[in-house]
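Visitor: I should like to learn how individual features of a structural model are read. May we take them one at a time, beginning with the packing of helices?

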Amino acid sequence: MRQFLQITITMKISPTLDTKFLPAVLWNREFEKAASENGAPVTLGLLRDDKVVARRAVKITADSDSSFRYIERMLKTMLWSTGGNRILVAGPDSLVEQLQNHYAESTVGKFDSQIIGEKIFNQPLSVEKCLKENIPEPVSDGQALGRHLDGCRIGFDLGGSDRKCAAVIDGKVVFSEEIKWDPYFEKDPKYHYDGTMDSLNRAAAHLPRVDAIGGSAAGDYVDNEVRVASLFRGVPEDLFESEVRPIFEKLKQAWGGIPFDVVNDGEVTALAGSMSLDDNAVLGISMGTSLAAGYVTPEGNITSWINELAFVPVDYRPNGPVDEWSGDVGCGVQFFSQQGVARLAPLAGIKFEQDTPFAEQLVEVQRLMAENDPRARSIYETIGTCFGYAIAHYATIYDFRNLLILGRVTSGEGGQIIIEKAEEVLNTEFPDLASKVSISMPDEQMKRHGQAVAAASLPMIK
């Protein structure tokens, strides 16, 4: 049993190493039970450019602390999955004031306001009181993405530890390559430009011509503009605005203005999964340097959602693992990424030198897993159990029947252990959801070329 703010939950399956993990989905469920009879109604609306993109009608209890925690964590989830810059609240004045103070004064709230509001949507986050009837249902904005395979194309993916690139002719990969790089704390954006251009040139050498270029990268991109991306976090603000924000437009012009599209890597992951499975309603989760996600709707479209599940809280304990960038507690990146492996390694009894890079720690844990080391197994079991509860939390946001997981953390036998433990949680705690969702990893063809082909398919050749 775990208790936080007078809400007590009981987990049927506990993570092997992270025994105090407090699943967001179970805490929310118990709070909603407590509020169901005599709770006060609250309606939340999230807007972007004056258009409602998410709406939730809930109830809160007389306990102001737990009620604020419930609402604030829900808004955090809405902000980082859907994305928006205005929050409408039909509820008590005291709650509106608490939320306004949170986004204006607290470290975590100011991070959300600055990154989502100012950087992604170009205006600070605002919290406004309104009437329930003034918060309409969300407007659907699904649109088709990619699946164009004609012509000679280049597809690329920029990650935190490597960049991938492929040459594709009429949907067939004729060349692919992966090159290590370390972009995170590079101050000079020329490093990022030159590295990307080098990969494009190496792929182009295997094509008779280049008709279109499509790419994916960690971060948020609007009309090919970089809004927020961890790849460029080391670049000073003035250089970010002048050199990073338009970097892909500059690359496009260097290639003669041919069709050139770049989107979030999670979106391409989901698109690749949809193309590989020949099915829709896909949530793609990539556990790599960070945690990336993408979504293909049941209709086969993508949305304008930002899908930054790295910052969506999955653990509600007050003293949980802290994300070093946002300062928040219990976010997905601390569980389902290289950082999560590095966090669990000492708990499993695996010691590393203090300055050992996360990528090298993961490689060593994978080596130990290949040798059936029980310490390594306990890490993957823990990730899988936490992931099972996170899947149920994600299912309150997304309508999916296919869950595709990939990324360096899932390589080797560890990936199968993650799936097995996640399925155990779903079957035990959430049997209805378990009967609807299929969890899988890419087959070898998709692992080798799926992401590149999907990225290459983004632009339409006019």
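Visitor: In which hand does helix 5 pass helix 7?

Guide: In this predicted model, helix 5 passes helix 7 in a right-handed crossing. The two elements, residues 189-204 and residues 247-254, pack at an angle of about 40°, and their axes are 11 Å apart. Helix 5 and helix 7 are therefore oblique to each other.

Visitor: Which residues of helix 5 and helix 7 meet?

Guide: From helix 5 the contact draws on P189, H192, Y193, T196 and M197, and from helix 7 on I247, K250, L251 and A254. By class, the residues of this contact divide into 6 nonpolar, 2 polar and 1 charged.

Visitor: At what angle do helix 11 and helix 12 pack, and how far apart are their axes?

Guide: Helix 11 (residues 374-394) and helix 12 (residues 413-429) pack at about 40°, with axes 7 Å apart. This pair is therefore oblique as well, and the crossing of helix 11 and helix 12 is right-handed. On the side of helix 11, the residues in contact include R377, Y380, E381 and F387; on the side of helix 12, they include E413, I417, K421 and V425. The residues of the contact between helix 11 and helix 12 divide into 10 nonpolar, 4 polar and 5 charged.

Visitor: Let us turn to a single position. Is G215 buried or exposed?

Guide: G215 has a relative accessible area of 0%, so it is buried. It lies in strand 10, residues 212-217. Leaving aside residues up to four places away in sequence, G215 touches F156, D261, V262, V263, A455 and L458. A distance between C-alpha atoms adds to the picture: those of G215 and S457 are separated by 9.1 Å, although the two residues are 242 apart along the chain.

Visitor: How should one read the cysteines, and how many disulfides does a search of the whole structure find?

Guide: A disulfide is a covalent bond between the sulfur atoms of two cysteines. In this model, a search of the whole structure finds 0 disulfides. Take C152: its sulfur is 14 Å from the closest cysteine sulfur, that of C165, and this is too far for a bond. C152 counts as buried because its relative accessibility is 3%. C331 is likewise in no disulfide, the nearest cysteine sulfur being that of C386, 14 Å away. At 0% relative accessibility, C331 counts as buried.

Visitor: What is the general expectation for phi in residues other than glycine?

Guide: Most residues other than glycine have a negative phi. R147 departs from that pattern, with a positive phi of about 70° although it is not a glycine.

Visitor: Where is R147 found?

Guide: R147 is in the loop between strand 6 (126-129) and strand 7 (152-158). Its relative accessibility is 35%, so R147 counts as partly exposed.

Visitor: What is the phi of N224, and where does this residue lie?

Guide: Phi of N224 is near 70°, again a positive value in a residue other than glycine. N224 lies in the loop between strand 11 (220-222) and strand 12 (225-228).

Visitor: Is N224 buried or exposed?

Guide: N224 is buried, because its relative accessible area is 12% and the cut-off for buried is under 20%. The two loop residues can thus be read side by side: R147 is partly exposed, whereas N224 is buried.

Definitions and conventions. Residues numbered from 1 in each chain as written. Predicted model: local features only at pLDDT ≥ 70, side-chain atom pairs only at ≥ 80, totals over all residues. Heavy atoms only, no water. Axes fitted to C-alpha atoms, helices over the stretch in contact; angles between N-to-C directions. Helix = DSSP H or I, 4+ residues; strand = E, 2+ residues; numbered from the N terminus. Parallel < 35°, antiparallel > 145°, perpendicular 65-115°, else oblique. Left-handed = near helix turned anticlockwise from the far one by under 90°. Contact = heavy atoms within 4.5 Å. Nonpolar A, V, L, I, M, F, W, Y, C, P; charged D, E, K, R; others polar. Buried < 20%, exposed > 50% of the residue type's maximum accessible area, 1.4 Å probe, protein only. Disulfide = S-S within 2.5 Å.
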